[in-house]
Amino acid sequence: MALANNTSSVDPGIKVELGRRYRFSASHRLHNASLSEAANHEIYGKCNNPHGHGHNYILEVTVSGPVDPATGMIANLADLDAFVERQVLNDYDHKSFNQDVPAFRNVVPTTENLCIDIFRRLKTFPVAKLERIRVDETGNNSFEYAGDNTEGGQP
Amino acid sequence: MVLLTRKIEFSASHRYDNPNLSPEENRRVFGKCNNPHGHGHNYTLEVTVEGDPSPITGMVLDLKDLKELLDREIMQRMDHRNLNVEVPELAGKIPTCENIALVIWNLLEPKIPAGKLHRVRLYESADLFADCYRAAASNGHAPSRKAGK
């Protein structure tokens, strides 16, 4: 096998991204305490059920960067997996967003808001640039977020 | 502009090993992907082309041509092969998802009408994929809400 550090064929005009999927299961209740019971029921419907409900979420994380010729990788999956586990999954999996995750004490845990919180937690990944995240709440609902500098500034 | 995607599946084996690193370093960096006898995946390749539909044919690109191109350039080269030893374009490279996707981009781009190749996405498994884009042309992967609640 020839030396695995030949970069001559890498076209700098081609951008490469790496996408990885993770799963977590959690419960939530969509409820805004500043609204009336009737308004909450009107807006959130069955998601306003007082005792909450849950989903099997799928989180897709996409990062970009140069492919290291020594490893063939943008980021070592072991590093990415460990980072996502530490930054997101440990806090999210098998938890109640409303009660267990401080970011949602006063923020309604819609999947839109989950995306913003997850992006804020992952944007410090030291190995590669976080491009975007996608969260599938169910097989029919998915949300994407690529950051807009407001993440972390939620009310 | 319309995007058109064709999907193919191929199965291949590979091994991650950098001859410049010691056996211990290879095991540390690549983990079980360094297993001396290799392992394999069912890869799924999505090739997306872009363009305006021809007023005559209504097509961005003739799918039959794209199917034949993918069969000739990718299936015959990679399906049921050992990527380390049977694919010359990967010689000297670690056959990661990133590098295979780049090789596929470089094989396809010259054979597709200029500017039409939008994205190459290669899934190694349902939970891992690499994307290639022409950076200047189309990294406008705008975040979007895909469905209502």
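The following exercises, each with a worked solution, concern a predicted model with chains A and B.

**Exercise 1. Chain architecture**

Determine which helices and strands chain A and chain B contain, and in what order these elements run.

Solution.
- Step 1. Chain A holds four helices and five strands.
- Step 2. Read from the N terminus, the elements of chain A follow the order β-α-β-α-β-α-α-β-β.
- Step 3. For chain B the secondary structure likewise amounts to four helices and five strands, and the order from the N terminus is β-α-β-α-β-α-α-β-β.

**Exercise 2. Burial and contact range**

State what share of each chain is buried, and what share of the contacts joins residues at least 24 apart.

Solution.
- Step 1. Of the 155 residues in chain A, 30% are buried.
- Step 2. In chain B, which has 149 residues, the buried share is 32%.
- Step 3. Consider contacts in chain A with a separation of 6 or more: 72% of them involve residues 24 or more positions apart.
- Step 4. For chain B, 64% of the contacts between residues at least 6 apart in sequence join residues at least 24 apart.
- Step 5. As for extent, the C-alpha trace of chain B spans about 60 × 40 × 30 Å along its principal axes.

**Exercise 3. The two sides of α1(B)**

Identify which residues of helix α1 of chain B are buried, and explain why they can be assigned to one side of α1(B).

Solution.
- Step 1. Helix α1 of chain B comprises residues 23-30, and its buried residues are N26(B), V29(B) and F30(B).
- Step 2. These buried residues lie on the same side of α1(B) because they cover an arc of only 75° around the axis.
- Step 3. E24(B) and R28(B) are exposed on the other side of α1(B).
- Step 4. Just after α1(B) comes G31(B), with a positive phi of about 60°.

**Exercise 4. Packing of α2(A) and α4(A)**

Describe how α2(A) and α4(A) pack, giving the angle and the distance between their axes, and name the residues that meet.

Solution.
- Step 1. The axes of α2(A) and α4(A), the latter being residues 111-122 of chain A, are 10 Å apart, and the packing angle is about 140°.
- Step 2. This angle makes α2(A) oblique to α4(A).
- Step 3. The crossing of α2(A) past α4(A) is right-handed.
- Step 4. From α2(A), the residues V84(A), Q87(A) and V88(A) meet I118(A), R121(A) and L122(A) of α4(A).
- Step 5. Classified by type, the contact of α2(A) with α4(A) comprises four nonpolar residues, one polar and one charged.

**Exercise 5. Two buried residues**

Locate I74(A) and Y43(B), and establish why each counts as buried.

Solution.
- Step 1. I74(A) belongs to the loop between β2 (53-64) and α2 (77-92) of chain A.
- Step 2. Burial requires 20 or more other C-beta atoms within 10 Å. I74(A) has 23 such atoms within 10 Å and is therefore buried.
- Step 3. Leaving aside residues up to four places away in sequence, I74(A) touches V16(A), L18(A), V63(A), S64(A), G65(A), V67(A), A128(A) and E98(B).
- Step 4. One of these contacts, A128(A), is 54 residues from I74(A) in sequence, with a C-alpha to C-alpha distance of 6.8 Å.
- Step 5. Y43(B) lies in strand β2 (residues 39-51) of chain B. Because Y43(B) has 24 C-beta neighbours inside 10 Å, Y43(B) counts as buried.
- Step 6. With residues up to four places away in sequence not counted, Y43(B) touches E9(B), F10(B), A12(B), L122(B), Y123(B) and E124(B).
- Step 7. Y43(B) and E9(B) are 34 residues apart in sequence, and their C-alpha atoms are 5.6 Å apart.

**Exercise 6. Positive phi at two histidines**

Find where H94(A) and H80(B) are located, and decide whether each is buried or exposed.

Solution.
- Step 1. H94(A) is not a glycine, yet its phi is positive, at about 60°.
- Step 2. The loop between α2 and β3 (95-96) of chain A contains H94(A).
- Step 3. A residue is exposed if 12 or fewer other C-beta atoms lie within 10 Å. H94(A) has 11 within that distance, so H94(A) is exposed.
- Step 4. H80(B), also a residue other than glycine, has a positive phi near 55°.
- Step 5. H80(B) sits in the loop between α2 (63-78) and β3 (81-82) of chain B. With 11 other C-beta atoms within 10 Å, H80(B) is exposed.

Technical notes
Residues are numbered from 1 along each chain as its sequence is written. Chains are lettered from A and ligands numbered from 1 in the order in which they are written. This is a predicted model: local features need pLDDT of at least 70, side-chain atom pairs count only at pLDDT 80 or more; totals for chains, interfaces and linings use all residues. Two residues are in contact if their C-beta atoms, placed from the backbone, lie within 7 Å. The arc is that of the directions from the helix axis to the C-beta atoms. Axes are lines fitted to C-alpha atoms, for helices over the stretch in contact, and angles run from 0 to 180 degrees between N-to-C directions. Angles under 35 degrees count as roughly parallel, over 145 as roughly antiparallel, 65 to 115 as roughly perpendicular and the rest as oblique. A crossing is left-handed if the near helix is turned anticlockwise from the far one by less than a right angle, and right-handed if clockwise. Ala, Val, Leu, Ile, Met, Phe, Trp, Tyr, Cys and Pro count as nonpolar, Asp, Glu, Lys and Arg as charged, and the others, Gly among them, as polar.
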